[in-house]
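Good morning, and thank you for the time. I should like to take you through one model, beginning with its overall layout and ending with a few individual residues.

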Amino acid sequence: MRGSVGVGLTIGVDGSVESVWINDSSGSDTLDQAALDAVSSWRFEPARRGNEPISTTTSVNVEFQLR
């Protein structure tokens, strides 16, 4: 089984994920929820304006391949 989930997220000034949402569903509630759960725990280097970290919104694609 394979699936891909498009996830939107807001990254805070400290690099933590502040909010997540589905941009493009896999068609499976289980895979969609697994993608949201995974991305929620990720850490990022925050965006910067000059030397000042800023909050930003972006998206990622999460690929699943079940064996």
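I shall describe the chain, then its sheet, its core, and lastly one loop and its surroundings.

Please keep in mind throughout that what you see is a predicted model. The chain contains 1 helix and 5 strands. Read from the N terminus, these elements follow the order β-β-α-β-β-β. Along the principal axes, the C-alpha atoms occupy a box of roughly 45 × 20 × 15 Å. The chain has 67 residues, of which 31% count as buried. Consider also the contacts with a separation of 6 or more: 59% of them are between residues 24 or more positions apart.

Let me turn to the sheet. Which strands form it, and in what order? Three strands make an open sheet, arranged β2-β1-β5, with antiparallel pairing. The edges are taken by β2 and β5, each of which has a single partner strand, so one side of each is left without a neighbour in the sheet. From one strand to the next, the twist averages 30 degrees.

Strand β1 covers residues 2-11, and 8 of its 10 residues are buried. Its antiparallel pairing with β5, residues 56-65, extends over 10 bridges. Two positions will help you to find this pairing on the screen. Arginine 2 has glutamine 65 of β5 as its bridge partner, and leucine 9 stands opposite threonine 58, also in β5.

With β2, residues 17-24, strand β1 shares 6 bridges, and these two strands are likewise antiparallel. Here glycine 8 stands opposite tryptophan 21, while isoleucine 11 stands opposite valine 17. The two strands form a hairpin with 5 residues between them. In that turn, glycine 15 has a positive phi of about 90 degrees. I ask you to remember glycine 15, as I shall return to this residue.

Next, the interior. Which residues make up the largest nonpolar core? There are 11 in all: Val5, Val7, Leu9, Ile11, Val17, Leu31, Ala35, Leu36, Val39, Val62 and Phe64. At least two residues of this core come from each of β1, α1 and β5. Valine 7 is a useful member to examine. Leaving aside residues up to four places away in sequence, valine 7 touches Val20, Trp21, Asn23, Ala35, Leu36, Val39, Thr58, Ser59, Val60 and Val62.

I now come to the loop between α1 (29-40) and β3 (47-49), where proline 46 is placed. Is proline 46 buried or exposed? The cut-off for buried is under 20% relative accessible area. Proline 46 has a relative accessible area of 12%, and therefore counts as buried. Its contacts, again not counting residues up to four places away in sequence, are with Gly12, Val13, Gly15, Pro53 and Ile54. This brings us back to glycine 15. Proline 46 and glycine 15 are 31 residues apart in sequence, yet their C-alpha atoms are 4.7 Å apart in space.

Two side-chain pairs remain to be mentioned. How many salt bridges does the structure hold? There is 1. It joins the side chains of arginine 48 and glutamate 45, at 3.8 Å from N to O. Glutamate 45 is exposed, with a relative accessible area of 63%, whereas arginine 48 is partly exposed at 46% relative accessibility.

The other pair is aromatic. A search of the whole structure finds 1 such pair. The ring centres of tryptophan 42 and phenylalanine 44 are 6.2 Å apart and the planes lie at 55 degrees, so the pair is tilted. Both residues count as partly exposed: tryptophan 42 at 35% relative accessibility, and phenylalanine 44 at 26%.

To close, I would leave you with two points from this predicted model. The sheet has the order β2-β1-β5, and β1, α1 and β5 each supply at least two residues of the largest nonpolar core. Thank you for your attention.

How values were computed: Residues numbered from 1 in each chain as written. Predicted model: local features only at pLDDT ≥ 70, side-chain atom pairs only at ≥ 80, totals over all residues. Heavy atoms only, no water. Buried < 20%, exposed > 50% of the residue type's maximum accessible area, 1.4 Å probe, protein only. Helix = DSSP H or I, 4+ residues; strand = E, 2+ residues; numbered from the N terminus. Pairing = 2+ DSSP bridges. Salt bridge = Lys/Arg side-chain N within 4 Å of Asp/Glu carboxyl O. Contact = heavy atoms within 4.5 Å. Phe/Tyr/Trp six-rings, centres within 6.5 Å; stacked < 30°, edge-to-face > 60°. Axes fitted to C-alpha atoms, helices over the stretch in contact; angles between N-to-C directions. Core = buried A, V, L, I, M, F, W, Y, C linked by side-chain atoms within 4.5 Å.
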